[in-house]
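User: Please take a close look at one part of this model, the aromatic pairs and the strands around them. Then place that part among the other local features.

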Amino acid sequence: KLKDFSEDFLWGASTSAYQVEGGWDEDGKGPSVQDMAEHPENTSDFKTSIDHYHRYKEDIKLFSEMGLKAYRFSIAWSRILPKGFGEINHKGIEFYNNLINELLSYNIEPIVTMYHFDLPYSLEKKGGWSNYEIVDLFENYGKILFSNFGDRVKYWLTINEQNIMILNNKAVGIPNLSTKNPKKELYQQNHHMLLAQAKVMKLCHIMCPDAKIGPAPNIAYIYPASSDPEDVLAAQNFSSIRNWLYLDAAVFGRYNNTAWSYMKEKNITPNIKKGDEEILSEAKPDFIAFNYYSTITASKKPSFDFNTDQQGAAGEQGVYYITSNPNLEKTEFNWEIDPIGFRITLREISGRYNLPLLVSENGLGAFDKLEKGDVVNDDYRIDYLRKHIEQAKLAVTDGVQLIGYCPWSAIDLVSTHQGFKKRYGFIYVNRDEFDLKDLRRIRKKSFYWYKNVIKSNGKI
Ligand code: BGP
């Protein structure tokens with residue numbers, strides 16, 4: 001017999017600051033690396049996005065109509081601290097206060113990501129995550145968030161997809177590396193992020209004892225391409241580097257052995273300062289949030305048929321290679337679709353860490369079409385989400401402690417690197433890649449469908 005989702009299950013939806021807000025230089029906001037990034041040809045920038053900065057009330061009203069119990073969004077560090085440290089921008093605090101209060105007035109639980117790919121540009125110029133000082137600067141930023149919003153925000157996520165930033169740095173937020181050994185520099189940055197994360201987790205527990213905080217990597221179960229033991233080893237290697245490195249550090253406060261040997265072998269181990277190990281071991285998350293779009297398949301031999309977009313590097317000699325999975329269908333953007341893999345991933349994380357889990361992203365990017373009469377028939381999205389929710393329910397029946405599900409995305413927004421043509425939302429926003437049109441909001445078919453899912457607590 002299937003178990004039900006808990007009574008207080010957080011049925012939500014997600015966005016991130018730079019992908020929805022716009023107002024990139026308004027009211028004292030400093031630029032972030034996303035504002036300064038070069039954009040691929042034919043791809044929109046993030047200057048206006050969907051103008052949520054000015055339309056948040058209208059958007060939240062729609063979220064409430066959809067029945068959302070939670071809304072996951074991120075705070076733009078450079079809106080709070082234009083330079084990343086120093087003087088606080090009170091207009092920035094005011095904006096997020098208004099946003100949080102608006103959500104609470106509709107009984108929507110705010111789930112706040114502290115950092116989602118948008119490092120303040122001034123910090124990037126000072127060496128970004130390579131500079132050890134950033135550990136304390138992030139803690140200082142955290143302190144400002146907890147003291148201003150901690151009385152109302154009960155769920156905090158530290159860093160979005162830290163693992164993807166390290167594995168696919170150019171695409172998501174770490175555009176420039178200065179040294180001769182860029183990979184070593186990346187793992188040094190990774191180390192600083194782990195320290196920064198541990199510091200804010202500890203601080204959150206001191207400053208907001210009722211709140212809960214956790215990491216938010218992208219976790220994907222990794223299948224071996226075959227039962228050849230070498231393929232199994234490749235899958236295990238990749239899993240240690242891509243998944244467990246991040247969660248072991250957050251939960252157990254240490255690097256896992258396989259990941260550490262890999263770094264040693266490649267001569268990319270980070271320098272560990274005196275005191276770092278204590279910092280890592282002194283903090284523990286209350287739950288694990290993770291983003292899931294698909295599983296990955298790994299093999300010992302290189303394969304050239306795989307679209308490496310978003311999933312991380314294509315591979316490394318003698319360690320692992322990514323290959324495609326012939327058993328899975330793909331989205332229009334070539335991402336594999338694997339609902340059963342979702343159940344497998346949930347069980348795997350739960351078994352390894354025995355902590356509550358929160359799905360902070362899951363969804364389908366597609367070329368939606370606005371039809372006559374303001375209709376968007378996104379049955380493919382409904383199909384994707386339904387299958388994933390069914391598998392989540394099976395995972396709950398298996399014993400996974402799942403506290404919430406926040407699909408990507410609440411509303412259409414600018415994709416991380418594929419512009420506006422790739423849509424994920426329950427709400428359509430009327431704009432094109434470059435023509436902002438009227439930005440009007442239109443409920444998609446999936447909006448009505450998800451409303452029913454929430455109303456029935458996942459009986460679909
Ligand atoms: C995750 C990010 C999101 C989001 C999503 C979809 O990696 O956390 O910010 O963009 O993936 O990715 P994309 O926009 O590249 O399709």
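Analyst: The aromatic pairs come first, then the sheets, a cavity and some backbone details.

This is a predicted model, in which local features need pLDDT of at least 70 and side-chain atom pairs count only at pLDDT 80 or more, while totals for chains, interfaces and linings use all residues. Residues are numbered from 1 along each chain as its sequence is written, and side-chain values use heavy atoms, with hydrogens and water left out.

The structure holds 35 aromatic pairs. Rings of Phe, Tyr and Trp (its six-membered ring) pair if their centres lie within 6.5 Å; planes under 30 degrees apart count as stacked, over 60 as edge-to-face and the rest as tilted. Take Phe-146 and Trp-156. Their ring centres are 5.0 Å apart and their planes stand at 85°, so this pair is edge-to-face. Phe-146 belongs to helix α7 (residues 134–149) and Trp-156 to strand β4 (residues 155–160), so the pair ties together parts that are ten residues apart in sequence. Helices (H or I, at least four residues) and strands (E, at least two) are DSSP runs, numbered from the N terminus. Both Phe-146 and Trp-156 are buried. Buried means under 20% relative accessible area, exposed over 50%, and partly exposed in between (1.4 Å probe, protein chains only).

A second pair is Phe-342 with Tyr-405. This one is tilted, with 6.4 Å from centre to centre and 50° between the planes. Phe-342 lies in helix α13 (residues 339–353) and Tyr-405 in strand β14 (residues 402–405), so here the pair ties together parts that are 63 residues apart in sequence. Phe-342 and Tyr-405 are both buried. They also belong to one aromatic cluster, whose other members are Phe-5, Phe-9, Trp-11, Tyr-292, Phe-426, Trp-449 and Tyr-450.

Now the strands that carry these rings. Strand β4, the home of Trp-156, runs parallel to β5, and four bridges join them. Two strands pair if DSSP finds at least two bridges between them. The bridge partner of Trp-156 in β5 is Ile-213. Four of the five residues of β5 (residues 212–216) are buried, so this strand is largely enclosed by the rest of the structure.

Tyr-405 leads to another sheet. An open sheet of four strands has the order β1-β14-β13-β7, with parallel pairing. β1 (10–11) and β7 (288–291) stand at its edges with a single partner strand each, so one side of each has no neighbour in the sheet. Two bridges join β1 to β14, and these strands run parallel. Across them, Trp-11 has Tyr-405 as its bridge partner in β14. Trp-11 and Tyr-405 are thus linked twice over: as bridge partners, and as members of one aromatic cluster.

A further open sheet of four strands has mixed pairing and the order β6-β8-β10-β9. Its edge strands are β6 (222–224) and β9 (315–316), each of which pairs on one side only. Strands β8 (residues 296–299) and β10 (residues 320–323) run antiparallel, joined by three bridges. Thr-297 stands opposite Thr-323 in β10.

Two arginines sit over rings. A charge counts as over a ring if NZ of Lys or CZ of Arg is within 6 Å of the ring centre and within 35 degrees of the ring normal. Arg-423 lies over the face of Tyr-428, at 3.9 Å from the ring centre. Arg-443 has its charged end over the ring of Phe-447, 5.8 Å from the centre.

Next, the backbone. A cis peptide bond joins Trp-408 and Ser-409, with omega about 10°. Ser-409 lies in the loop between β14 and β15 (427–429). Asp-374 is not a glycine, yet it has a positive phi of about 55°. Its loop runs between β13 (357–361) and α14 (379–397). Asp-374 is partly exposed, with a relative accessible area of 33%. Lys-437 also has a positive phi, near 45°. Lys-437 lies in the loop between β15 and β16 (441–443), and is partly exposed at a relative accessible area of 44%.
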